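Got the structure open in your viewer? Let's take a walk through it, one selection at a time.

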Amino acid sequence: MILSIPRSIQSPHIPLLISMLEGLEILKSTGYEITEEAVNEHCLKVETPSFSAAIYVKDNEVSSVWYNDPIGRDSTTGKEQKVELYLSRYGLLSNWELRMDNGWMHYWFNPSDKVAMVYGIHKDVIRFNQYHAEPANLVR
């Protein structure tokens, strides 16, 4: 069995904080039908034979991007390379910190660009979220 190590990813890069219309144009560029889902959150999604991608919109801006990408799934090295390729889309690799690993999910944070990424390690799902690092108001 030959294990594949991804050198690139086929899914489109969908920047965070772009307008919903810009996000839709990127999804349309795949050439596949865009569907709308509203199970837990409202999203616009495209499914291709190679990957799926979705955008989540808040205040007419893309606040989250979701990918389901099987590339690299057949080896630990392949999964690690895929994660690095995706992380590098949303900031310098040196800015990313793996802050939590609960055995099912890896939670990455990029405090410089205020972006978070969650990766389901037993699956192919990756989600990027824009966040605002504001101090929590503690009520005692």
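**Start at a strand pair**

Select N110 and look straight across: its opposite number is V115 in β7. Bear in mind as you click around that this is a predicted model. Now widen the selection to β6, residues 105–110, together with β7; the two run antiparallel and are joined over 6 bridges.

**Zoom out to the sheet**

Next, show every strand. You should see 8 of them in an open sheet, antiparallel in its pairing, and reading across it the order is β1-β2-β3-β4-β8-β7-β6-β5. Which strands stand at the edges? Colour β1 (34–38) and β5 (97–101): each has a single partner strand, so one side of each has no neighbour in the sheet. Tilt the view to look for the twist, which averages 20° from one strand to the next.

**Add the helices**

Bring in α1, which packs on the sheet and touches β1, β2, β3 and β4. Its direction makes about 170° with that of β3. Then add α2, also packed on the sheet, but touching β4, β6, β7 and β8. Here the angle to take in is the one between α2 and β7, about 160°.

Stay with α1 for a moment and show the side chains of L24, I26 and L27, plus the position of G23; these four are buried. Why do they sit on the same side of α1? They cover an arc of only 160° around the axis, which puts them there. The strands that the buried residues of α1 pack against are β1, β2, β3 and β4.

**Into the core**

Now select I14, Y67, Y90, W96, M117 and F128. Within the largest nonpolar core, which has 28 residues, these touch the most other members. Several elements supply at least two residues each, among them α1 (20–28), β4 (61–68), α2 (76–89) and β8 (125–130). Which one gives the most? That's α2, with 4 residues.

Centre on W96 and show its surroundings. Setting aside neighbours within four places in sequence, W96 is in contact with L87, Y90, G91, W108, F109, N110, V115, A116, M117 and F128. That list brings you back to N110 and V115, the pair standing opposite each other where the tour began.

**Last stop: S52**

Finally, pick S52, in strand β3. Is it buried or exposed? The relative accessibility is 9%, under the 20% cut-off, so S52 counts as buried. Leaving out residues up to four places away in sequence, S52 touches K45, V46, E47, W66, Y67 and N68.

Technical notes. Residues are numbered from 1 along each chain as its sequence is written. This is a predicted model: local features need pLDDT of at least 70, side-chain atom pairs count only at pLDDT 80 or more; totals for chains, interfaces and linings use all residues. Side-chain values use heavy atoms; hydrogens and water are left out. A nonpolar core is a set of buried Ala, Val, Leu, Ile, Met, Phe, Trp, Tyr and Cys residues joined through side-chain atoms within 4.5 Å. Buried means under 20% relative accessible area, exposed over 50%, partly exposed in between (1.4 Å probe, protein chains only). Contact means heavy atoms within 4.5 Å. Two strands pair if DSSP finds at least two bridges between them. Axes are lines fitted to C-alpha atoms, for helices over the stretch in contact, and angles run from 0 to 180 degrees between N-to-C directions. The arc is that of the directions from the helix axis to the C-beta atoms.
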